[in-house]
Amino acid sequence: MELWGGVLRALLSGPGRRGGTLGRAFSSRRPRLPQAGWSATELVSQWAAVFEKRGVPEPRESSEYIVAHVLGAKTFQSLRPALRSKPLTPWQLRCIQELSSRRLQRMPVQYILGEWDFHGLSLKMAPPVFIPRPETESRVIAVDKAGAAISLARENAQRLQLQDRIRIAPLDVTLEDSCAHLLSWGPVDLLVSNPPYVFRQDMEQLAPEIRSYEDPAALDGGEKGMDIILHLLALAPRLLKDSGSLFLEVDPRHPELVGSWLQSQPGLSLELVAVRRDFCGRPRFLHIRRSGPQGACPVDAWPVPQPAGAPG
């Protein structure tokens, strides 16, 4: 008990003090852990204090998820009271220390646990595949150009026994033949996309959990976050049925930019009909509807033409 408390005090003492750096506390020469004494409740409080001292977001939630995971539960609240107060085994203490050290390196909890529940589905998680977040995500699995995302999507579909109902394919919408490939599945009633939309100047401002672990290609949308969005807008009138809809997740600055761009491109027959807010109250979802006869899929649509003054 005394030795384990010493390890935590060393972590809380901060860098620059003898024995108090993260590198020393979690070096290859790990301190010997106690054989008994600490309960799950005590470990949650201690690691929450460590995380808070180190500036880790949601320190108590992070600690609770890690301790609950080692004890075989989804959440700390779901543990029986007796299990919360029961002394942990040396193996459990070692696991909690290892997983907590990853959180101190700002690895997202979803990657640390290797799975995450989302809208009642238990999804396997592995970097650098984008993490589903409840304030923005939809329930649609779309095509992706990243091999890691395709593999993980297929594995999740099999785990959920949805492989016969979902078509998952590698596809880069910026390539010339992507339109022809997609037309073999259509025309369609609905397109849903969570494209890369972060303004390039904002990439360095992302949280360490995102910047260090998630795929930058899934985030960086170019100078004004519109690079992939413009390709999707060029694809939509050729893939959607009449009155079909395109739903996009975007940056809060994009509704005005996209609306202005669509007005400058009347030949696309696309109209921004609604802007929806996410759970945090930010304008993040665009509903774009197609009207008029379905267009062809000419090769000269690639790359997307840029009118004067258009974002991108």
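Aspartate 117 and lysine 74 form a salt bridge, with their closest N and O atoms 3.4 Å apart. The two residues come from distant parts of the chain, 43 residues apart. Aspartate 117 belongs to strand β1 (residues 115-118). Lysine 74 sits in the loop between α4 (59-70) and α5 (81-85). This is a predicted model.

**Salt bridges**

Aspartate 117 is partly exposed, because its relative accessible area is 40%. Lysine 74 also counts as partly exposed, at 42%. The pair does not stand alone: Lys74, Glu115, Asp117 and Arg159 are linked in a network of salt bridges. In total, the structure holds 16 salt bridges.

Which residue does arginine 103 meet in a salt bridge? The partner is glutamate 209, at 2.9 Å from N to O. This pair also links distant parts of the chain, with the two positions 106 residues apart in numbering. Arginine 103 lies in helix α6 (residues 90-104), glutamate 209 in helix α10 (residues 208-211). Both arginine 103 and glutamate 209 are buried.

Lysine 241 and aspartate 189 make another salt bridge, at 3.5 Å from N to O. Here two strands are linked: lysine 241 is in β4 (residues 240-249) and aspartate 189 is in β3 (residues 188-193). The two residues are 52 apart along the chain. Lysine 241 is partly exposed, with 35% relative accessible area. Aspartate 189 reaches 52%, so it counts as exposed, the cut-off being over 50%.

The three pairs can be set side by side.

| Salt bridge | N to O distance |
|---|---|
| Aspartate 117 and lysine 74 | 3.4 Å |
| Arginine 103 and glutamate 209 | 2.9 Å |
| Lysine 241 and aspartate 189 | 3.5 Å |

**The sheet**

Strands β3 and β4 also belong to an open sheet of four strands. The order is β3-β4-β6-β5, and the pairing is mixed. Which strands stand at the edges? They are β3 and β5 (270-277). Each has a single partner strand, so one side of each has no neighbour in the sheet. From one strand to the next, the twist averages 15°.

Strand β5 pairs with β6 (residues 283-290) in the antiparallel sense, over seven bridges. Within this part of the sheet, leucine 272 has isoleucine 288 of β6 as its bridge partner.

**Helices on the sheet**

Helix α11 (residues 227-239) packs on the sheet. This helix touches β3, β4, β5 and β6. The direction of α11 makes about 160° with that of β4. Helix α12 (residues 254-263) lies across β5 and β6. Relative to β5, helix α12 runs at about 170°.

Methods: Residues are numbered from 1 along each chain as its sequence is written. This is a predicted model: local features need pLDDT of at least 70, side-chain atom pairs count only at pLDDT 80 or more; totals for chains, interfaces and linings use all residues. Side-chain values use heavy atoms; hydrogens and water are left out. A salt bridge is a side-chain nitrogen of Lys or Arg within 4 Å of a carboxyl oxygen of Asp or Glu. Buried means under 20% relative accessible area, exposed over 50%, partly exposed in between (1.4 Å probe, protein chains only). Two strands pair if DSSP finds at least two bridges between them. Axes are lines fitted to C-alpha atoms, for helices over the stretch in contact, and angles run from 0 to 180 degrees between N-to-C directions. Contact means heavy atoms within 4.5 Å.
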